[in-house]
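Could you walk me through this protein model, one region after another? I would like to follow along with the structure open on my screen.

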Amino acid sequence: MRSRRDQRGSIGRALGRCLLAALLTGTALPATAEEAPAPVLNAGDRVLQFDWPALRIGTGEYEEGPTGVTVFHFDRRSLAAVDVRGGGPGTVNTDYLRLGYDAPELDAVVFAGGSWYGLEATTAVASALKEDGVRDGDWTNLALSVGAIIYDLGPRRLNEILPDKRLAQAAFRAARPGAFPLGAQGAGRLAKTGSLFGCNAFSGQGGAFRQIGQVKIAAFAVVNALGVVTKRDGTVAACYPDSGWPGPLRTEALMAGYPASRQPGWTGAPNADAPARNTTVSLIVTNQKLKPAELQRLAIQVHGSMGRALQPFTTEFDGDVLYAVSTGELEDEAAMLPTVDLGVVGGEVMWDAILASVPDQPKPATPADKPVLPADKLAALAGDYVFSPFVTVKVTAEGDRLLAQATGERAAYAIGREKPTELKPVSATDFMVPGRYPLTLRFEGSGRLVVNPGHWQQIGTRRSS
């Protein structure tokens, strides 16, 4: 006969499967869920594949944000440590890990967008573990999830859709072993890097895996750093440079020219007085059994090594947090790596993970050399396009020119509130705004205005008169 816990687990898992099936097939959900954006689970064409059944990973996204969550679920309670270095961290259950207990208790690590609002995702996964019968209310069987967030709000998008409990639990229940989406997916859906220098490059989440004998090491990072991602040859992995910057762009040039390299007009000249001065949330996992002190040292060493790949690193405006986890599956000391070697290899795997986070960057559109629509067709595009309660773009036509101005509380990227911005024609549907950062606007026949069509698009709807 099955125990009550087994029975509760079966019932909970069945309910979870029903919810997941509804999310994947579009089956009607309660009204509150129907009104929310639809979760997109385990999306992405670039996927790290690796062999580790004990580690299951699920990602969930609201494309309307875009924003998302990434859940790492361990099939056995694991030992965990944490190292916090950024000046603006947002975490859940961090202090408990710092106590250094030697009993494995961790169930899941959760990363999310949404800044501090996204911390709901971490506690939601713990609730799902209880609802599904994996854990219960007994003090010896409480669910332990830890997590951290990145900031993906503010001027980088035109709404404030958040990765909530519903999204986090869907991602948890969709978790699968051996597959991790790379690039702008999951919690890294709207990550960016290099804003300290105005690079504002699109970023995402990266992962890497290495096995040495029986020892497995995996690294995962959601890279939303203030600094730039640096390749092993010293060049910057992604950046929208200012027009006068030297090329190929090297991190050492940005750092040597600091703080002048933060400003428009910098030409690559070094600054002898530049100070050495980045949020990235990360996870290093090994199957090698470690003591709490050894796991803490692994966290510290790998986190410190990330300063090579992210420059600058751990500034006051970053929330850099690294979790280190030992699943404890490998207990044969003869098969283990010396802990110092584990730390060195872990640092290299983490650098690989950071480099894998960088997606292809959108390219600016090329404007046409003459008008592409007659005046009456341009006039038909005019209207107020609402993106959120605080961002509206008013489009007007003046002869053969199309103009746009933000009339809500906030600007819409390079379309400001102070005066109209001319939209340069690209095609019969597409217009662009020249500048350092790509800005394309696509008018769709359904009364929608799509800003930056594609993976990072924002959609406004024309207000009826």
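Here is a tour that takes in a cavity, two helix pairs, some backbone details and one loop residue. Please keep in mind along the way that this is a predicted model.

Let's begin with empty space. Rolling a probe the size of a water molecule over the atoms shows where such space is left. The largest cavity here has a volume of about 100 Å³. If you would like to display its walls, select Ser 78, Leu 79, Ala 80, Tyr 96, Leu 97, Gly 100, Tyr 101, Ala 103, Glu 105, Leu 106 and Leu 144, which line this cavity. Two elements, β4 (67–84) and α3 (94–98), each give at least two residues to the lining. Strand β4 provides the largest share, three residues. By class, the lining of the largest cavity has eight nonpolar residues, two polar ones and one charged one.

The strand β4 and the helix α3 also help us find two backbone features. Most residues other than glycine have a negative phi, and most peptide bonds are trans. In the loop between β3 (55–62) and β4 sits Pro 66, and the bond joining Gly 65 to Pro 66 is a cis peptide bond with omega of about -10°. In the loop between β5 (91–92) and α3 you will find Asn 93. Although Asn 93 is not a glycine, its phi is positive, at about 65°.

Further along the chain, Tyr 258 and Pro 259 are linked by a cis peptide bond, with omega near 5°. For orientation, Pro 259 belongs to the loop between α6 (251–256) and β15 (280–288).

Now turn to the helices. Helix α4 (residues 120–131) packs against helix α5 (residues 165–173) at an angle of about 55°, and their axes are 8 Å apart. Because of that angle, α4 is oblique to α5. Their crossing is right-handed. On the α4 side, the contact is made by Glu 120, Ala 121, Ala 124, Val 125, Ser 127, Ala 128, Leu 129 and Glu 131, while α5 brings Lys 165, Ala 168, Gln 169, Phe 172 and Arg 173. Sorted by class, this contact of α4 with α5 holds seven nonpolar, two polar and four charged residues.

A second pair is formed by helix α7 (residues 292–305) and helix α8 (residues 339–356), which pack at an angle of about 35° with axes 9 Å apart. Here, too, the crossing is right-handed. From α7, the residues Glu 294, Leu 298, Gln 301, Val 302 and Ser 305 meet Thr 339, Val 340, Leu 342, Gly 343, Val 344, Gly 346, Gly 347 and Met 350 of α8. The contact of α7 with α8 divides into six nonpolar, six polar and one charged residue.

Our last stop is Asp 400, in the loop between β19 (391–398) and β20 (401–406). Which residues does Asp 400 contact, leaving aside its neighbours within four places in sequence? They are Pro 371 and Leu 378. You can also check the spacing between Asp 400 and Ala 379: they are 21 residues apart along the chain, and their C-alpha atoms are separated by 9.1 Å.

Notes:
Residues are numbered from 1 along each chain as its sequence is written. This is a predicted model: local features need pLDDT of at least 70, side-chain atom pairs count only at pLDDT 80 or more; totals for chains, interfaces and linings use all residues. Side-chain values use heavy atoms; hydrogens and water are left out. On a 1 Å grid over the protein atoms alone, a cavity is a set of points where a 1.4 Å probe fits but cannot get out, and a pocket is an open set with protein on both sides within 12 Å along at least five of seven lines; lining residues have an atom within 4 Å of a point. Grid points are joined across faces, edges and corners, and a volume is the space filled by probe spheres set on the points. Helices (H or I, at least four residues) and strands (E, at least two) are DSSP runs, numbered from the N terminus. Ala, Val, Leu, Ile, Met, Phe, Trp, Tyr, Cys and Pro count as nonpolar, Asp, Glu, Lys and Arg as charged, and the others, Gly among them, as polar. Axes are lines fitted to C-alpha atoms, for helices over the stretch in contact, and angles run from 0 to 180 degrees between N-to-C directions. Angles under 35 degrees count as roughly parallel, over 145 as roughly antiparallel, 65 to 115 as roughly perpendicular and the rest as oblique. A crossing is left-handed if the near helix is turned anticlockwise from the far one by less than a right angle, and right-handed if clockwise. Contact means heavy atoms within 4.5 Å.
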